[in-house]
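Me: I would like to go through this model with some care, beginning with confidence and then turning to how its parts meet. Could we take it one question at a time?

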Amino acid sequence: MTGAAALAVLAAMGITLIRALRGPTLYDRVLAVNSFGTLTVLLIALHGFLTERPEFLDIALLYALINFIGTVAVLKFFEYGDLGATGSTED
Amino acid sequence: MPPAVIEHLILVSLLALMTVTAGAIALTRSLFAAAMLFGIFSLLSAAVFVVLDAVDVAFTEAAVGAGISTILMLATLARTNARQRAGPRLRPGPLALAAGLVLLLAWASSDRPRFAAPEAPANLHVAPRYLQEGPRETGVPNVVTAVLASYRGYDTLGEVTVIFTAGIGVLALLGLGGGARRD
């Protein structure tokens with residue numbers, strides 16, 4: 001059952017990769033990378049249960065955090081062109 | 001299907017996806033797309049590291065490869081062109097050289113010991129001593145930490161110095177800290 005789920009996640013990764021390759025807009029690609037990160041988290045979690053070592057779930061959780069922060073950083077970069085920006089558009 | 005077969009299938013699928021991503025990175029002309037695809041490539045290699053039980057390497061790959069590198073590449077792109085200069089599509093010389101190198105590496109790896117074989121020379125040279133004497137000699141319970149921080153401590157210190165210097169250089173070039181004002 002876990003194995004079938006892992007293979008399904010792999011298939012979803014392939015489909016997401018096609019979206020990242022074809023684009024066409026930048027935001028399609030950003031969203032594809034974000035979804036790909038989520039699928040990686042799922043795959044690592046499933047792999048932990050598949051090899052009967054679910055304590056690796058911590059790593060999947062850390063990946064989820066990195067994925068979220070990374071996407072926010074990329075989007076912030078597109079919006080302001082600078083990661084040091086505070087979010088206010090006054091200057 | 002037994003779990004070992006599925007694990008093997010996962011590894012092969014991940015490597016196939018990595019090959020597709022690498023080919024797309026080489027072929028695309030949009031540098032923003034290449035930066036995004038590099039993020040996917042890093043996530044894939046991090047997953048491969050987890051499947052190969054190299055969890056600490058996977059941590060590093062996810063944080064540095066998928067996280068920081070993507071941001072640094074985007075920061076670089078903001079200061080350069082977002083499109084690659086159009087060149088000749090296919091150059092036969094470098095292509096033949098790369099293909100020859102691939103064949104040479106495939107031939108060289110054909111008589112290599114099976115993956116993670118306990119009788120491989122790499123696992124018989126100094127590894128038994130690290131595993132048996134490591135806790136007593138260094139006092140570190142984790143054998144990976146014992147090798148990195150004690151047995152090859154000077155090497156690690158040099159690596160950290162190089163990475164620190166490179167980090168300072170990148171920050172000085174890109175100004176990510178926002179401290180320096182550009183007029």
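Me: In chain B, in which helix is confidence highest?

Reply: This is a predicted model, and confidence is therefore a sensible place to begin, since where pLDDT is low, the predicted coordinates should not be read in detail. Chain B has a mean pLDDT of 82, with 91% of its residues at 70 or more. Within chain B, helix H5 (residues 121–124) has the lowest confidence, at a mean of 77, whereas the highest, at a mean of 91, belongs to helix H4 (residues 92–108) of chain B.

Me: And in chain A, in which helix is confidence lowest?

Reply: Chain A averages a pLDDT of 80, and 88% of its residues score at least 70. For the model overall, the scores are ipTM 0.82 and pTM 0.76. In chain A the mean is highest in H1(A), at 87, and confidence is lowest, at a mean of 81, in H3(A).

Me: What area do chain A and chain B bury between them?

Reply: The contact involves 35 residues of chain A and 36 residues of chain B. Carbon and sulfur atoms account for 85% of the buried area, and the total between chain A and chain B is about 3,200 Å². On the side of chain A, His47(A), Tyr63(A) and Phe77(A) lose the most area to chain B, and their joint share of what that side buries is 17%.

Me: Which helix gives the most residues to the side of chain A that touches chain B?

Reply: For the interface of chain A and chain B, the rule finds 0 salt bridges and 2 residue pairs in polar contact, with both residues at pLDDT 80 or more. Helix H1 (2–22), helix H2 (26–50) and helix H3 (57–80) of chain A each supply at least two residues of the side that touches chain B. By class, that side of chain A has 24 nonpolar, 8 polar and 3 charged residues. The helix that gives the most, with 11 residues, is H2(A).

Me: Within chain B, how many Å separate the centres of domain 1 and domain 2?

Reply: The domain assignment of chain B places domain 1 at 1–83 and domain 2 at 119–176. Contact between them involves 5 residues of domain 1 of chain B and 5 residues of domain 2 of chain B. Taken over C-alpha atoms, the centres of these two domains of chain B are separated by 24 Å.

Me: Which three residues supply 71% of the area that domain 1 of chain B buries against domain 2 of chain B?

Reply: The area buried between domain 1 and domain 2 of chain B is about 390 Å², with 74% of it from carbon and sulfur atoms. Between these domains of chain B the count is 0 salt bridges, and the rule likewise finds 0 residue pairs in polar contact, both at pLDDT 80 or more. The side of domain 1 of chain B that touches domain 2 of chain B has 2 nonpolar, 1 polar and 2 charged residues. The three residues that supply 71% of the area buried by domain 1 of chain B, more than any other three, are Leu72(B), Ala75(B) and Arg79(B).

Definitions and conventions:
Residues numbered from 1 in each chain as written. Chains lettered and ligands numbered in written order. Predicted model: local features only at pLDDT ≥ 70, side-chain atom pairs only at ≥ 80, totals over all residues. Heavy atoms only, no water. Domains from an automatic or database assignment. Contact = heavy atoms within 4.5 Å. Buried area = accessible area lost by both parts, 1.4 Å probe. Salt bridge = Lys/Arg side-chain N within 4 Å of Asp/Glu carboxyl O. Polar contact = N/O pair within 3.5 Å; in protein donor to acceptor, adjacent residues only side chain to side chain. Nonpolar A, V, L, I, M, F, W, Y, C, P; charged D, E, K, R; others polar. Helix = DSSP H or I, 4+ residues; strand = E, 2+ residues; numbered from the N terminus. pLDDT = per-residue confidence, 0-100.
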